Amino acid sequence: PTATGTSLVTANHRVLSTFPGGHRRATFNPDGTMIAFVSDASGNPEIWIKTLASGEPTQITSGETPASSPSWSPRGDQIVFARAGEGIWTVGPLGSPPPRQIVAGGSSPSFSPDEARLVYQWGREIWTVNADGGGAERLEGVPGIGFASVDAAPSFSPDGAWIAFFRSVDGPMGDFWVIPSGGGEARRLTND
């Protein structure tokens, strides 16, 4: 506790919204004024956005299969996400343009810094693809990522030269690794 009796841990927290449902996987847009997140407030996990300054969240996707893993483009003009069993999709941050499928399979998409490519997990492998869905390639040199139910969460480095990912070994236990974005020899960063 501080001298005023408030906890240092909660002193800078504020409630963004009190609407119902579970909320997870929040991610800031590039200028930090909005977040995209997954909520089941409509009954099915979908992508929602919230302007941090004011207002209530807005649902920007809808469908019969759960949406997950939202990730903003570096310019903030689109959000990529995954649909269980339906691959990688893109949608405008206000729902326009409407969602469209980019890749038929995969999960956990993330943009390269120049927005030219996406990296994503497909089963126990990591793949890259052009942002328009063409030129999909398996990233060579990635050691097996272990349990398929554990998210490898691949992501480009800020300069686009590397891809970081999580490699599970025993259920949720594992380590963080990096590999050159064009493939090559992976290097372990942690030793848990």
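**Figure 1. Pairing of strands E3 and E4 in the predicted model.** In this predicted model, strand E3, residues 46–51, is joined to E4 by 2 bridges, and the two strands are antiparallel. Within this pairing, Ile49 has Thr58 of E4 as its bridge partner. The pair belongs to an open sheet of 4 strands, which follow the order E1-E2-E3-E4 with antiparallel pairing. E1 and strand E4 (58–59) are the edge strands of this sheet, each pairing on one side only.

**Figure 2. The open sheet E9-E10-E11-E12.** A further view shows 4 strands in the order E9-E10-E11-E12, which form an open sheet with antiparallel pairing. Its edges are E9 and E12, and each of these pairs on one side only. Edge strand E9 is mostly covered, with 4 of its 5 residues buried. In a regular strand, side chains alternate between the two faces of the sheet.

**Figure 3. The hairpin of E9 and E10, with Glu115.** Strands E9 and E10 run antiparallel and are joined by 3 bridges. Phe111 stands opposite Leu118 in E10. The two strands form a hairpin with 5 residues between them. Which residue in this turn has a positive phi? Glu115 does, with a value of about 65 degrees; Glu115 is a residue other than glycine. Glu115 lies in the loop between E9 and E10. Is Glu115 buried or exposed? Glu115 counts as buried because its relative accessible area is 8%, under the 20% limit.

**Figure 4. The hairpin of E10 and E11.** Strand E10 (residues 117–122) and strand E11 (residues 125–130) run antiparallel, joined by 6 bridges. Val119 is placed opposite Thr128 in E11. The hairpin has 2 residues between its strands. In the turn, Gly123 has a positive phi of about 60 degrees.

**Figure 5. The hairpin of E11 and E12.** E11 also pairs with strand E12 (residues 137–138), in the antiparallel sense and over 2 bridges. Trp127 stands opposite Arg138 in E12. Thr128, which stands opposite Val119 of the E10–E11 pairing, has Glu137 as its bridge partner in E12. This hairpin has 6 residues between the strands. Gly133 takes a positive phi in this hairpin, near 100 degrees.

**Figure 6. Surroundings of Ala153.** Ala153 is located in the loop between E12 and strand E13 (155–156). How far apart are the C-alpha atoms of Ala153 and Tyr120? They are separated by 7.5 Å, while the two residues are 33 residues apart along the chain. Leaving aside residues up to four places away in sequence, Ala153 touches Ser108, Gln121, Ala164 and Phe165. Ala153 is classed as partly exposed because its relative accessible area is 39%, between the limits of 20% and 50%.

**Figure 7. Backbone of Ser69 in strand E5.** Ser69 lies in strand E5. Its phi is near 55 degrees, a positive value in a residue other than glycine. Ser69 has 5% relative accessibility and therefore counts as buried, the limit being under 20%.

**Figure 8. The cis peptide bond at Pro97.** The peptide bond from Ser96 to Pro97 is cis. Its omega is near 0 degrees. Where is Pro97 placed? Pro97 is in the loop between strand E7 (87–91) and strand E8 (100–103).

**Figure 9. The largest pocket and its lining.** The largest pocket has a volume of about 280 Å³. How many residues line the largest pocket? The lining consists of 19 residues, and Thr27, Ser71, Pro109, Ser110 and Ser155 are those nearest the centre of the pocket. Strand E1 (23–28), strand E5 (67–72) and strand E9 (107–111) are the elements that give two or more residues to this lining. By residue class, the lining of the largest pocket divides into 9 nonpolar, 8 polar and 2 charged residues. Two of the contributing strands appear in earlier views: E5 holds Ser69, and E9 is an edge strand of the sheet E9-E10-E11-E12.

Methods
Residues are numbered from 1 along each chain as its sequence is written. This is a predicted model: local features need pLDDT of at least 70, side-chain atom pairs count only at pLDDT 80 or more; totals for chains, interfaces and linings use all residues. Side-chain values use heavy atoms; hydrogens and water are left out. On a 1 Å grid over the protein atoms alone, a cavity is a set of points where a 1.4 Å probe fits but cannot get out, and a pocket is an open set with protein on both sides within 12 Å along at least five of seven lines; lining residues have an atom within 4 Å of a point. Grid points are joined across faces, edges and corners, and a volume is the space filled by probe spheres set on the points. Ala, Val, Leu, Ile, Met, Phe, Trp, Tyr, Cys and Pro count as nonpolar, Asp, Glu, Lys and Arg as charged, and the others, Gly among them, as polar. Two strands pair if DSSP finds at least two bridges between them. Buried means under 20% relative accessible area, exposed over 50%, partly exposed in between (1.4 Å probe, protein chains only). Contact means heavy atoms within 4.5 Å.
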